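Student: Hey, can we look at this model together? I'd like to get a feel for the spaces inside.

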Amino acid sequence: MQTEIRLRPPYQISLQELGLENGINHRRDPAYKGIAPHQRLEPLTLSGIISGLLSLLCAGLNLIRGFHSVESLLQNDDDVSCVIAFFLGTAACLYQCYLFVYSTSWRNMKSFLAFGLICLCNMYLHELRNLWQLFFHVTVGAFTTLQIRLRQPESKSPDYNV
């Protein structure tokens with residue numbers, strides 16, 4: 001054992017090398033990369049930005065109508081399913097925005113399912129909205145789904161394997 005210690009003496013790590021000074025961790029922990037490297041999406045286009053903003057607008061409108069439905073629910077004993085439909089529509093619009101920004105697995109299928117949920121919520125809420133509102137929400141959902149489908153992951157650069 002003593003021969004091993006003489007041949008390979010222990011190395012004492014200083015606090016600067018650990019990144020610990022005054023008990024505070026100054027180094028930044030690297031983000032977990034997963035099995036495959038993070039895949040970036042193509043740059044945003046003008047139609048993509050408009051699609052994202054309109055989807056956020058629809059989510060905000062659904063959220064406002066949902067809170068007003070909660071208020072009328074508390075004043076009168078109305079049906080709670082309208083409140084759920086408004087908040088599900090909000091969640092579907094926000095999820096479409098998430099899918100538009102981040103690359104996930106089964107991205108196209110998830111966007112179609114979110115669009116289907118937007119359509120179902122609007123079909124349920126057809127008595128509380130006029131035809132233009134229904135058309136606007138469904139059209140924005142379809143446009144965002146199309147933009148999610150068109151925004152593909154970036155291809156590898158030609159010198160990737162060099």
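Student: Which residues line the second largest cavity?

Tutor: Keep in mind that this is a predicted model. In it, the second largest cavity is lined by S55, C58, C93, Q96, I118, H137, V140, G141 and T144.

Student: Ok, and which elements give two or more residues to that lining?

Tutor: Those would be α3 (46-75), α4 and α6 (131-150). With four residues, α6 gives the most to the lining of the second largest cavity.

Student: What's the mix by class in that lining?

Tutor: You get four nonpolar residues, five polar ones and no charged ones.

Student: How much space lies in there?

Tutor: About 30 Å³ for the second largest cavity.

Student: And how many cavities of 30 Å³ or more does the count come to?

Tutor: The count is two.

Student: Then tell me about the largest one. How much space lies in it?

Tutor: The largest cavity holds about 40 Å³. Its lining is made up of N62, A85, F86, G89, I118, C121, N122, L125, R129 and H137.

Student: Which helices each supply at least two of those?

Tutor: Look at α4 (81-101) and α5 (107-124), which each supply at least two residues of that lining.

Student: How does that lining divide into nonpolar, polar and charged?

Tutor: Five residues of the largest cavity's lining are nonpolar, four are polar and one is charged.

Student: Switching to α3. Why does its end-to-end distance agree with what it should span?

Tutor: α3 has 30 residues, and at 1.5 Å a residue they should span 44 Å. The C-alpha atoms at the two ends of α3 are 44 Å apart, so the two values agree.

Student: Nice. Which residues of α3 are buried?

Tutor: G48, S51, G52, S55, C58, A59, N62, G66 and S69 are the buried ones in α3. S55 and C58 also belong to the lining of the second largest cavity, while N62 is part of the lining of the largest cavity.

Student: What covers those buried residues?

Tutor: The cover includes α4 and α6.

Student: Last topic: F115. Which helix is it found in?

Tutor: F115 is in α5.

Student: What is F115 in contact with, leaving aside its neighbours within four places in sequence?

Tutor: With those neighbours set aside, F115 contacts Q96, V138, G141, A142 and T145. Q96 and G141 turn up in the lining of the second largest cavity as well.

Student: And how far apart are F115 and C93 in sequence and in space?

Tutor: F115 and C93 are 22 residues apart in sequence, and their C-alpha atoms are 8.2 Å apart in space.

How values were computed. Residues are numbered from 1 along each chain as its sequence is written. This is a predicted model: local features need pLDDT of at least 70, side-chain atom pairs count only at pLDDT 80 or more; totals for chains, interfaces and linings use all residues. Side-chain values use heavy atoms; hydrogens and water are left out. On a 1 Å grid over the protein atoms alone, a cavity is a set of points where a 1.4 Å probe fits but cannot get out, and a pocket is an open set with protein on both sides within 12 Å along at least five of seven lines; lining residues have an atom within 4 Å of a point. Grid points are joined across faces, edges and corners, and a volume is the space filled by probe spheres set on the points. Ala, Val, Leu, Ile, Met, Phe, Trp, Tyr, Cys and Pro count as nonpolar, Asp, Glu, Lys and Arg as charged, and the others, Gly among them, as polar. The expected span of a helix is 1.5 Å times one less than its number of residues. Buried means under 20% relative accessible area, exposed over 50%, partly exposed in between (1.4 Å probe, protein chains only). Contact means heavy atoms within 4.5 Å.
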